[in-house]
Amino acid sequence: MNKIASAALMVGCLIVSLTGLAQSEAPPSVRTTEVTPSLFLLQGKGGNVLASVGADGILLIDADYAPYASAYQDALAALVKTGSAPQFVINTHWHGDHTGGNAFWGEQGAVIVAHNNVRQRMSTRQEMKALGNVVEPSPAVALPVVTYADSLALHFNGEDIEVQHFARGHTDGDSVVFFSAANVVHLGDHFFKDAFPFVDIGSGGSVNGYIANIVALLGRVDETTVIIPGHGATQANKADLQRYHDMLVSTSAAVVSKLTQGSSIEDIVAQGLGEQWQSWGQGFINEAKWIATIAASEQVDSAR
């Protein structure tokens, strides 16, 4: 088996965790954490959701899995006196653990906002070739109706909200959402706090592009910025993001160096990435899958 096929096989099994929920799980519930008096971190099963709640209504960043939508409605109802449906839902990218609730909110009149590539991928049949898995097109009510190529601004609940596309990172359609007044930023899946990331190469993602985007983001935040990761139990700060960047650079350089010297992916997995990064393999991606991701991304980038 060649290096890229081996890498694809190792990475592919992750996608199963992004496609749905196990039948035996407990009923959906959502945990609410106040970030500021008007911004709330909502956590169910999938990606972290950030809610802006104020005089203009509700705006959500991401929408978790579909079966969790009613639990989010209950969580929002506990935060507002009337009307728990959001006016806007912004998707940071197209994966189902961030867009699954779109249809639920779209049916209630929410305006769904995302990058052009998110609508394109959601509206067409997507093949996950590593597993032979297929994601069928989403219903029309779940699709973004406001899209953009580079950036978008919304003025809502007293905030100037900037939605900025970051290309070739986690996917080809990722956006980061900045709340200027509050100094809060939702990074979507450009940030898995203290964990190796999932980089979806088949959806236009790239480890090298991902690292470049983190460098750009480090230049956009300061020591007081509250950073919301796409996945992770808590909010974070610039020091957390810098540590994440250091991990990305160190581990990717080590894997590429060993590949250049003729090591196989299996050899690198057997050697490991060192004790420093052992705890980072506790999320979606374990150490072996992260090594395989770096190798597969390097193959694709080299062929560009």
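Hi everyone. Let me start with a cluster of aromatics: Phe-191, Tyr-210, Tyr-244, Trp-277 and Trp-280 are linked by ring pairs. Please keep in mind throughout that this is a predicted model. Two members of that cluster will come back when we get to the helices.

Staying with rings for now, how many aromatic pairs does the structure hold? The count is seven. One of them joins Phe-88 and Phe-156: the ring centres are 5.5 Å apart and the planes stand at 85°, so this is an edge-to-face pair. Where do these two residues lie? Phe-88 belongs to strand β5, residues 88–90, and Phe-156 to strand β10, residues 151–156, so the pair ties together parts that are 68 residues apart in sequence. As for burial, Phe-88 counts as partly exposed at 23% relative accessibility, while Phe-156, at 6%, counts as buried.

Another pair involves sequence neighbours, Phe-104 and Trp-105. Here the centres are 4.9 Å apart with the planes at 85°, so this pair too is edge-to-face. Phe-104 is partly exposed at 26% relative accessibility, and Trp-105 is buried, with a relative accessible area of 2%.

One more ring before we move on: Phe-178 has Arg-220 lying over its face, 3.9 Å from the ring centre.

Now to the helices, with α7 as our guide. Helix α7 covers residues 238–260, and I'd like to show you two of its partners. Take α6 to begin with, residues 207–218: the axes of α6 and α7 are 10 Å apart and the angle is about 150°. An angle over 145 degrees counts as roughly antiparallel, and therefore that is what we call α6 and α7. Their crossing is left-handed. On the α6 side the contact includes Val-207, Tyr-210, Ile-211 and Ile-214, and on the α7 side Leu-241, Tyr-244, His-245 and Leu-248 are among the residues taking part. So here are our two returning friends: Tyr-210 and Tyr-244 sit in this helix contact and also belong to the aromatic cluster.

The other partner is α9, residues 287–303, which packs against α7 at about 70°, again with the axes 10 Å apart. What does that angle make them, roughly parallel or roughly perpendicular? Roughly perpendicular, therefore, and α7 passes α9 in a right-handed crossing. From α7, Met-247, Leu-248, Thr-251, Ser-252, Val-255, Val-256 and Leu-259 meet Trp-290, Ile-291, Ile-294, Ala-295 and Glu-298 of α9. Leu-248 and Ser-252 are worth a look on screen, as they appear in this contact and in the one with α6.

Let's hop over to Val-146, in strand β9, residues 146–148. Val-146 is partly exposed, at 30% relative accessible area. Setting aside neighbours within four places in sequence, Val-146 contacts Val-111, Ile-112, Val-113, Ala-114 and Leu-152. For a sense of scale, its C-alpha atom is separated by 35 Å from that of Val-249, 103 residues away along the chain.

Finally, some backbone. Most residues other than glycine have a negative phi. Asp-64, though, has a positive phi, near 55°. Asp-64 sits in the loop between β4 and α2 and is buried, with 0% relative accessible area. Arg-168 also has a positive phi, near 50°. Its place is the loop between β11 and β12, and Arg-168 counts as partly exposed at 30% relative accessibility.

That's my tour. Thanks for listening!

Note on methods:
Residues are numbered from 1 along each chain as its sequence is written. This is a predicted model: local features need pLDDT of at least 70, side-chain atom pairs count only at pLDDT 80 or more; totals for chains, interfaces and linings use all residues. Side-chain values use heavy atoms; hydrogens and water are left out. Rings of Phe, Tyr and Trp (its six-membered ring) pair if their centres lie within 6.5 Å; planes under 30 degrees apart count as stacked, over 60 as edge-to-face and the rest as tilted. Helices (H or I, at least four residues) and strands (E, at least two) are DSSP runs, numbered from the N terminus. Buried means under 20% relative accessible area, exposed over 50%, partly exposed in between (1.4 Å probe, protein chains only). A charge sits over a ring if NZ of Lys or CZ of Arg is within 6 Å of the ring centre and within 35 degrees of the ring normal. Axes are lines fitted to C-alpha atoms, for helices over the stretch in contact, and angles run from 0 to 180 degrees between N-to-C directions. Angles under 35 degrees count as roughly parallel, over 145 as roughly antiparallel, 65 to 115 as roughly perpendicular and the rest as oblique. A crossing is left-handed if the near helix is turned anticlockwise from the far one by less than a right angle, and right-handed if clockwise. Contact means heavy atoms within 4.5 Å.
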